[in-house]
Amino acid sequence: HNGSTATGKNTGHLSTNADCSVCHGTRAWRPASFDHASITTNCVSCHNGTTARGKDRNHLQTGNECELCHSTQRWSPATTFDHSGITANCVSCHDGSTAPGKNVGHIPSGNDCETCHAPRGWIPANFDHASITTNCVSCHNGTIAMGKNATHLQTGNECELCHSNQRWSPATTFDHSGITANCVSCHDGSTAPGKNVGHIPSGNDCETCHAPRGWVPANFDHASITTNCFSCHNGTTATGKGPNHVQSNNDCELCHMTNAWTPASFDHSAVAPGTCNSCHNGITAQGTPGGHFSTTLSCDACHNTNNFSPASFDHAGTAYPGDHRANLDCTDCHGGNSQVVTWDSPAYQPDCAGCHARDFKAGPHKGRGVSELRDCAGACHKPREHSVRDRKWD
């Protein structure tokens with residue numbers, strides 16, 4: 001049975017160097033009492049699922065060379081396993097029971113090990129991010145793979161909330177809810193909108209006032225504000241000066257603190273002239289005390305903005321009579337301690353005779369009457385040329 005004298009092994013016969021009688025009987029080729037010990041290759045010629053049992057449906061996807069992994073004596077264990085012939089279905093063995101599977105820190109992914117790993121070793125992995133859905137930071141922690149850089153927004157570790165699994169930027173699906181600080185690293189006016197031209201002067205900690213979900217409304221912390229209060233407190237954006245506020249310019253910070261309107265450390269230098277009474281009315285601030293000269297003039301007609309006393313009233317431009325050699329007390333003319341002058345002879349006001357008509361003596365005036373000479377200084381007298389002791393008129 002060498003194929004010439006008589007029928008020999010056909011082309012599909014198992015490769016073996018054993019004598020025919022080792023497996024076949026003398027009466028017929030089949031059935032064969034098969035001794036696998038002498039088989040070295042071409043197992044699949046029998047183990048094809050028809051002649052003999054072949055690979056089951058859960059078998060790793062491989063070529064048909066059974067002998068690469070299995071021995072001729074038994075299927076399992078496949079102790080001489082050669083991964084080079086494996087193309088798929090790694091998890092059928094690498095399930096954590098038959099062979100090591102994914103460890104507890106493995107990125108959540110499907111069971112297609114071969115998507116990233118090569119048959120010869122787990123590492124290095126030819127990584128396909130497309131199958132990753134979460135837990136990016138298990139690799140992207142700055143050690144195993146590149147993590148957040150020093151200027152990254154302060155956030156939790158859920159990279160996938162903002163970044164796609166194909167690239168870091170652009171982070172098109174940006175979820176601000178995970179942001180806790182360092183907003184200005186993006187909101188710098190270039191990467192994302194920053195402070196507009198009308199924004200109040202402040203530091204760059206957006207999160208001090210603004211919430212991650214929106215600029216407005218702002219939970220405003222005035223502690224970081226140093227100037228330009230009026231840019232908000234203009235009566236539109238935020239509460240401005242009330243109708244009874246002292247007339248002043250718009251530098252709120254000259255008097256008010258950043259945390260409260262009151263009490264105000266008041267700087268009177270910015271108060272508009274003629275408006276003192278709007279505060280100094282005895283309610284908002286100290287007003288005129290009892291016995292104060294009664295007048296409709298504003299406080300600053302006599303007082304300056306730094307002190308109430310001494311008071312200095314300038315009669316310039318008024319009908320203050322005469323050029324007296326001594327300073328008169330207010331009550332010498334304002335007998336009722338009021339703005340109204342109490343003239344001794346009202347008919348002659350506002351000339352000298354209005355007060356001095358009773359001092360007029362007809363004899364020395366050579367027949368001229370008081371009405372004619374009512375302006376004593378303009379007529380004859382020059383009061384300032386007299387000494388203090390001489391109290392007579394020239």
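How far is the sulfur of Cys229 from the closest cysteine sulfur, and which residue holds that one? Let me start there today, since it's a nice small puzzle. One thing up front: this is a predicted model, so keep that in mind throughout.

Okay, the cysteines. The sulfur of Cys229 sits 4.9 Å from its closest cysteine sulfur, which belongs to Cys252, and that's too far for a bond. Turn it around and you get the matching picture: for Cys252, the closest cysteine sulfur is the one in Cys229, at 4.9 Å, again too far. Just as a reminder, a disulfide is a covalent bond between the sulfur atoms of two cysteines. The cut-off we use is 2.5 Å between the sulfurs, and by that rule the disulfide count is zero. What about their surroundings, buried or exposed? Cys229 is buried, with a relative accessible area of 17%, and Cys252 is buried too, at 10%.

Right next to Cys229 in the numbering we have Asn228, so let's stay there for a second. Asn228 has a phi near 60 degrees, a positive value in a residue that isn't glycine. Asn228 is in the loop between S6 and H1, and at 33% relative accessibility it counts as partly exposed. There's another one like that: Asn135 also has phi near 60 degrees. You'll find Asn135 in the loop between strand S4, residues 86-88, and strand S5, residues 154-155. Asn135 is partly exposed as well, with a relative accessible area of 28%.

While we're on backbone geometry, here are the cis peptides. A cis peptide bond joins Arg30 and Pro31, with omega at about -5 degrees. Pro31 is in the loop between strand S1 (15-16) and strand S2 (39-41). Then Thr262 and Pro263 are joined by a cis peptide bond, also with omega of about -5 degrees. Pro263 lies in the loop between S6 and H1, which is where Asn228 lies too. For context, most residues other than glycine have a negative phi, and most peptide bonds are trans.

Okay, zooming out to the whole chain. What does the order of elements look like from the N terminus on? It runs β-β-β-β-β-β-α-α-α, so to speak a list of six strands and three helices.

Now the overall dimensions, and this is the part I'd put on a slide. A compact globule of 394 residues would have a radius of gyration near 21 Å, but this chain comes out at 55 Å. The C-alpha atoms fill a box of roughly 190 × 30 × 30 Å along the principal axes. How many of the 394 residues count as buried, as a percentage? That would be 18%. The accessible surface is about 27500 Å², and 53% of that belongs to carbon and sulfur atoms. On contacts, take those with a separation of 6 or more: 42% of them are between residues 24 or more positions apart.

For a feel of the distances, let's pick Ser278. It's in the loop between strand S6 (179-181) and helix H1 (330-333). The C-alpha atoms of Ser278 and Gly142 are separated by 66 Å, with their positions 136 residues apart along the chain. And what does Ser278 touch, leaving out residues up to four places away in sequence? Val246 and Thr284. There's a polar contact as well: a polar atom of the Ser278 side chain lies 2.7 Å from the backbone oxygen of Thr275. At 32% relative accessibility, Ser278 counts as partly exposed.

Last item, salt bridges. How many does a search of the whole structure find? One. It pairs Asp351 with Arg374, and the closest N and O atoms are 2.9 Å apart. Asp351 is in the loop between H1 and helix H2 (353-356), while Arg374 is in the loop between H2 and helix H3 (376-379), so the pair ties together parts that are 23 residues apart in sequence. Asp351 counts as partly exposed at 25% relative accessibility, and Arg374 does too, at 23%.

That's my tour. Happy to pull up any of these spots on the screen.

Technical notes
Residues are numbered from 1 along each chain as its sequence is written. This is a predicted model: local features need pLDDT of at least 70, side-chain atom pairs count only at pLDDT 80 or more; totals for chains, interfaces and linings use all residues. Side-chain values use heavy atoms; hydrogens and water are left out. Buried means under 20% relative accessible area, exposed over 50%, partly exposed in between (1.4 Å probe, protein chains only). Helices (H or I, at least four residues) and strands (E, at least two) are DSSP runs, numbered from the N terminus. Contact means heavy atoms within 4.5 Å. A polar contact is a pair of N or O atoms within 3.5 Å; within protein, one must be able to donate a hydrogen and the other to accept it, and residues adjacent in sequence count only if both atoms are side-chain atoms. A salt bridge is a side-chain nitrogen of Lys or Arg within 4 Å of a carboxyl oxygen of Asp or Glu. The radius of gyration is taken over C-alpha atoms; the globule rule is 2.2 Å times the number of residues to the power 0.38. Accessible areas come from the Shrake-Rupley method with a 1.4 Å probe; for residues, only the protein chains shown count as cover.
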